[in-house]
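Student: I have a model open on my screen, and I would like to learn how its structural labels are justified. Could you take me through them?

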Amino acid sequence: TNAYAIDATGAANVVIEGLRIAKSGTGIAMSNSTNVSVRLVDIEDSYYQGIAANNAVGGKIDNCTIRRSVREGILLGSSRNFSVVNNRVTDSGVIGPLVQSRGAISTFGSDNQIKNNTVSNSGYHG
């Protein structure tokens, strides 16, 4: 597996849409990005996060399915003005030690919108 299936670190004004990603370290890395949207993407069997967007601004994750990530399904970290809507996160943090996962969807940033998501079988916080 590769460290990232898609590396959009530091990207701006990009849309990632309609893909299936399997067996990577992190499905989509988009930390420090601005206005990056991910929609209609299916990510499974990530060794770390399905999507990692720490310190991103103004992005959106919409209508994605993330299955069997060892750590977080979606990690926003310190992102701000970010939207996570209509996603399905299944079996996050249930493979390996549970202490590695902060939860299915995790953020400690500001002005983020997280709504209409479905979380099932999370090994730690939903």
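Tutor: Gladly; strands come first. Helices (H or I, at least four residues) and strands (E, at least two) are DSSP runs, numbered from the N terminus. Two strands pair if DSSP finds at least two bridges between them. As background, this is a predicted model in which local features need pLDDT of at least 70 and side-chain atom pairs count only at pLDDT 80 or more, while totals for chains, interfaces and linings use all residues. Residues are numbered from 1 along each chain as its sequence is written, and side-chain values use heavy atoms, with hydrogens and water left out.

Student: What is the bridge partner of Ile 28 in E7?

Tutor: Ile 28 is partnered with Ile 51 there. E4 and E7 (residues 51-52) are joined by 2 bridges and run parallel. Pairing takes at least two bridges, so E4 and E7 qualify.

Student: What makes E1 and E13 edge strands?

Tutor: The order of the open sheet is E1-E4-E7-E10-E13, with 5 strands and parallel pairing. E1 and E13 (105-107) each have a single partner strand, so one side of each lacks a neighbour in the sheet. At one end, E1 (residues 4-7) is joined to E4 by 3 bridges, and Tyr 4 stands opposite Thr 26. At the other end, 3 bridges join E10 to E13, with Leu 75 facing its bridge partner Ser 106.

Student: Why is the contact between Arg 39 and Glu 17 called a salt bridge?

Tutor: A salt bridge is a side-chain nitrogen of Lys or Arg within 4 Å of a carboxyl oxygen of Asp or Glu. In this pair the closest N and O atoms are 3.2 Å apart, so the rule is met. Arg 39 belongs to strand E5 (residues 37-39) and Glu 17 to strand E2 (residues 15-17), so the salt bridge ties together parts that are 22 residues apart in sequence.

Student: How many salt bridges does this rule give?

Tutor: The count comes to 6. One of them joins Arg 20 and Glu 44, at 2.5 Å from N to O. That pair links strand E3 (residues 20-22) with strand E6 (residues 42-44), 24 residues apart. Another is between Asp 42 and Arg 67, with the closest N and O atoms 2.7 Å apart. Asp 42 sits in E6 and Arg 67 in strand E9 (residues 65-67), so parts 25 residues apart in sequence are tied together. These residues also belong to a network of salt bridges linking Arg 20, Asp 42, Glu 44, Asp 45, Arg 67 and Arg 68.

Student: Within the Arg 20 and Glu 44 pair, how do you know which residue is buried and which is exposed?

Tutor: Buried means under 20% relative accessible area, exposed over 50%, and partly exposed in between (1.4 Å probe, protein chains only). Glu 44 has 12%, so it is buried. Arg 20 has 58%, so it is exposed. Arg 67, at 26%, counts as partly exposed.

Student: What makes the pairing of Glu 72 with Gln 49 a polar contact?

Tutor: A polar contact is a pair of N or O atoms within 3.5 Å; within protein, one must be able to donate a hydrogen and the other to accept it, and residues adjacent in sequence count only if both atoms are side-chain atoms. The two side chains make their contact at 3.0 Å, so the distance fits the cut-off. Glu 72 lies in the loop between E9 and strand E10 (74-77), and its relative accessible area is 2%, so it is buried.

Student: What is meant by a nonpolar core, and which residues have the most contacts inside the largest one?

Tutor: The term covers a set of buried Ala, Val, Leu, Ile, Met, Phe, Trp, Tyr and Cys residues joined through side-chain atoms within 4.5 Å. The largest has 23 residues, and Ile 28, Met 30, Val 38 and Ile 61 have the most contacts inside it.

Student: Why is the phi of Asn 35 worth a look?

Tutor: Most residues other than glycine have a negative phi. The phi of Asn 35 is near 55°, a positive value in a residue other than glycine. Asn 35 is found in the loop between E4 and E5. Asn 55 also has a positive phi, of about 65°, and is placed in the loop between E7 and strand E8 (60-62).
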